[in-house]
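User: Please take a close look at the lining of the second largest cavity and explain which classes of residue it holds. I am new to this structure, so a connected account that then sets this part in its wider context would be welcome.

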Amino acid sequence: MKKLGILTVLLIIAFTGGAQTQKNETEGFSFGAKLGFSSTLPIINSLTIEGVEAQNVNLQYKVGYLAALFCRINIDRFFIMPGVEWNHADGSINYSLPDGIDQTYLKSTSAVSSEGFNVETNTIEVPVLLGFNMVKSYPYCLSFQAGPKLRYRVTEDFSPVGNPETFKLSGESKPYGVNAVTGVSVSIWRMFFDFYYEFGINQSKTDFSYQTTLLPYESNFSLKNRTNKMSFSLGILF
C-alpha cells in the first residue's frame, strides 16, 4: 500500500511537470541554443584580375559549422524567433587567366603566380524569423520558418593555392549583407532539428591585392559574389 502511494505521487509529479513543460514550449517566452553544419556554395558574379575577367571560375567549399543562441516569442501557432549566430566557412576558388591577353606578360609584371586561392571567413549573423507550427501535438512539432538575416563579415582570409605567399586585403570591402532565410524545424519535447536555405539579397564585394614576398609585384583582384547556403543544426529549448 505504501509503494502504491509513492507510485501515485510520482505519477502526479510527472504529469504536472509534463503539462508545465508543454505550456512553456507552446506559450509565452523561451530560449534556445543550437550547433550545426553548413554547406556554402556562393554564386560568383565576377572575379577580375587587373581589371580583366577571369575564366573557368570553380568553387570547392568544405563543410562549415555554426553556433547560435535565440529566443522564441510564442503566440498560439505562430512565433517570432530573433537570435545571434556565428558561422565559419572555408574553401577554395580556382580560375584560369583570360584568353586573348599576354599571360606571360601578366604573370611577369604582377603577382599572379597561382591560379587559385583559399578563402576562410567568419561571420556574425542576426536572423529574425517568423514561424508557423504546421503540426503541434505535444511532444511533437513541425514548423515552417522564414525571414531576413543580417550578416557581418568579421574576418576574411585569402591564401594562394600551393603557395606560401599571402593575400593582403586593400581598398574597399563590403562586410555587411542581408540574406533571405527559409526552413523547417522538427522538434520532440525540448530537442529540435533545423534545416535552412539562405540566399543573399545583396551582392558582396571584396577588393584585395596579392603582393609577393620576394619581388615587388602586386596584383589587384576584385571578387563579387552572393550567398547561397544550406545549413543543418541540432538544438535544445530551455
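Analyst: The lining of the second largest cavity holds eleven nonpolar residues, together with three polar and four charged ones (Ala, Val, Leu, Ile, Met, Phe, Trp, Tyr, Cys and Pro count as nonpolar, Asp, Glu, Lys and Arg as charged, the others, Gly among them, as polar). The model is predicted, so local features need pLDDT of at least 70 and side-chain atom pairs pLDDT 80 or more, while totals for chains, interfaces and linings use all residues. Residues are numbered from 1 along each chain as its sequence is written, and side-chain values use heavy atoms, without hydrogens or water.

The space enclosed by the second largest cavity (grid points, 1 Å apart, where a 1.4 Å probe fits but cannot get out) is about 140 Å³, taken as the volume filled by probe spheres on those points. Its lining comprises 18 residues (an atom within 4 Å of a point), and Lys 34, Glu 85, Pro 127, Leu 129 and Tyr 196 are the closest to the centre of this cavity. Two or more lining residues come from each of strand S5 (63-75), S6, S7, strand S11 (191-200) and strand S14 (228-237) (strands are DSSP E runs of at least two residues, helices H or I runs of at least four, numbered from the N terminus). S6 makes the largest contribution to the lining of the second largest cavity, with five residues.

The whole structure contains three cavities of 30 Å³ or more. The largest cavity, at about 380 Å³, has a lining of 25 residues; Thr 40, Pro 42, Thr 121, Asn 225 and Thr 227 lie nearest its centre. By class, the lining of the largest cavity is made up of eight nonpolar, eleven polar and six charged residues. Strands that give at least two residues to the lining of the largest cavity include S6 (78-96) and S7 (116-137).

Charged pairs form the next topic. Across the whole structure there are nine salt bridges (a side-chain nitrogen of Lys or Arg within 4 Å of a carboxyl oxygen of Asp or Glu). One of them pairs Lys 149 with Glu 125, whose closest N and O atoms are 3.0 Å apart. Because Lys 149 belongs to strand S8 and Glu 125 to strand S7, this pair ties together parts 24 residues apart in sequence. Lys 149 is buried, at 2% relative accessible area (buried means under 20%, exposed over 50%, partly exposed in between, with a 1.4 Å probe and protein chains only). Glu 125 is likewise buried, at 2% relative accessibility.

A further salt bridge joins Arg 153 to Glu 156, at 3.0 Å from N to O, and both of these residues are buried. In another, Asp 207 and Lys 205 bring their closest N and O atoms to 2.5 Å; Asp 207 counts as buried at 18% relative accessibility, whereas Lys 205 is partly exposed at 21%. Shared partners link Glu 85, Glu 125, Lys 149, Glu 198 and Lys 229 into one network of salt bridges. Glu 85 thus appears in this network and also among the residues closest to the centre of the second largest cavity.

As for the chain as a whole, two helices and 14 strands make up its secondary structure. Of its 238 residues, 41% are buried. Among contacts (heavy atoms within 4.5 Å) with a separation of 6 or more, 74% are between residues 24 or more positions apart.

Technical notes
On a 1 Å grid over the protein atoms alone, a cavity is a set of points where a 1.4 Å probe fits but cannot get out, and a pocket is an open set with protein on both sides within 12 Å along at least five of seven lines; lining residues have an atom within 4 Å of a point.
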